[in-house]
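Q: Got a minute to walk through this one with me? I'd like to get a feel for the fold before I go back to the bench.

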Amino acid sequence: MLGRAEKLGHLAEHRGWADVVVSRSFGAPHHTVECATGFLRPGGRIIISEPPGGRRWPTSQLATHGISLAESSSHVACLVSENGALVGYPRSFKRQERKPLFTFD
């Protein structure tokens with residue numbers, strides 16, 4: 001599979017097929033999470049490497065999209081997408097920038 005994650009996540013052969021998506025945070029966290037959800041089955045997990053010291057994930061904002069924080073440490077965060085691939089997501093990077101899926105406090 002080679003291509004842009006926000007486009008591949010809409011293709012039938014890739015959409016909603018993965019139990020786990022692992023990312024080294026290729027962009028801002030909201031880009032990474034939104035792009036990953038396109039590939040996930042319901043209950044699928046997103047594993048994201050964290051900067052030193054980790055971060056405080058906005059759990060209430062994530063919950064509105066059916067995503068929860070399962071675990072977070074100083075090196076990795078594990079999020080769970082209860083519904084799997086979100087309808088209409090991932091959006092283009094330009095739209096993600098205009099209205100992020102979530103923001104950090």
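Q: Let's jump straight in: where is Pro90 found?
A: Pro90 sits in the loop between β4 and α4. Keep in mind that this is a predicted model. The bond joining Tyr89 and Pro90 is a cis peptide, with omega at about 0 degrees.

Q: Ok, back up a bit. How many helices and strands does the chain have?
A: There are four helices and four strands. Starting at the N terminus, the order is α-β-α-β-α-β-β-α.

Q: And overall, how compact is the chain?
A: As compact as a globular protein of that length, because its radius of gyration is 13 Å, close to the 13 Å that the globule rule gives for 105 residues. The C-alpha trace spans about 35 × 30 × 25 Å along its principal axes. Of the 105 residues, 40% are buried.

Q: What about contacts between residues 24 or more positions apart?
A: Those account for 63% of the contacts in the chain with a separation of 6 or more.

Q: Now the sheet. What order do the strands take?
A: It's an open sheet of four strands, ordered β1-β2-β4-β3, and the pairing is mixed. β1 (18–23) and β3 (67–72) are at the edges with a single partner strand each, so each has one side without a neighbour in the sheet. From one strand to the next, the twist averages 20 degrees.

Q: Which strands pair in which sense?
A: β1 and β2 (residues 40–49) are parallel, with five bridges. β2 and β4 run antiparallel and are joined by six bridges. β3 and β4 are antiparallel too, over five bridges, and a hairpin through three residues joins β3 to β4.

Q: Can you give me some bridge partners to look up in the viewer?
A: Sure. Ile47 has Cys78 in β4 as its bridge partner, and Ser68 has Val80, also in β4. On the parallel side, Ser23 stands opposite Ile48 in β2.

Q: Ser23, then: buried or exposed?
A: Buried, at a relative accessible area of 12%; the cut-off for buried is under 20%. Ser23 lies in strand β1. Not counting residues up to four places away in sequence, Ser23 touches Thr32, Ile47, Ile48 and Ser49.

Q: Thr32 is in a helix, right? What can you say about how buried α2 is?
A: Thr32 is one of the buried residues in α2. Nine of the nine residues of α2 are buried, so this helix is largely enclosed by the rest of the structure. Among them are His30, His31, Glu34 and Thr37, along with Val33 and Cys35.

Q: What do those buried residues pack against?
A: α1 (5–8), β1, β2, β3, β4 and α4.

Q: Any other element that's mostly covered?
A: β4 is, with five of its six residues buried.

Q: Switching to the core. Which residues touch the most other members?
A: In the largest nonpolar core, which has 17 residues, those are Val33, Ile46, Trp57, Ile67 and Leu79. β1, α2, β2 and β4 each supply at least two residues of this core. The largest share is three residues, from β2.

Q: Take Ile67. What is Ile67 in contact with?
A: Leaving out neighbours within four places in sequence, Ile67 contacts Val33, Thr37, Leu62, Leu79, Val80, Ser81, Leu86 and Leu101.

Q: Last topic: Glu82. Where is Glu82 found?
A: In the loop between β4 and α4 (93–98). Glu82 counts as partly exposed, because its relative accessibility is 46% and that class runs between 20% and 50%.

Q: What is Glu82 in contact with?
A: Setting aside neighbours within four places in sequence, Glu82 contacts Pro42, Gly43, Gly66 and Ser68. The side chains of Glu82 and Ser68 are joined by a polar contact of 3.5 Å.

Q: And how far apart are Glu82 and Trp17?
A: They are 65 residues apart in sequence and 14 Å apart in space, going C-alpha to C-alpha.

Key. Residues numbered from 1 in each chain as written. Predicted model: local features only at pLDDT ≥ 70, side-chain atom pairs only at ≥ 80, totals over all residues. Heavy atoms only, no water. Pairing = 2+ DSSP bridges. Axes fitted to C-alpha atoms, helices over the stretch in contact; angles between N-to-C directions. Core = buried A, V, L, I, M, F, W, Y, C linked by side-chain atoms within 4.5 Å. Buried < 20%, exposed > 50% of the residue type's maximum accessible area, 1.4 Å probe, protein only. Contact = heavy atoms within 4.5 Å. Polar contact = N/O pair within 3.5 Å; in protein donor to acceptor, adjacent residues only side chain to side chain. Rg over C-alpha atoms; globule rule 2.2 N^0.38 Å.
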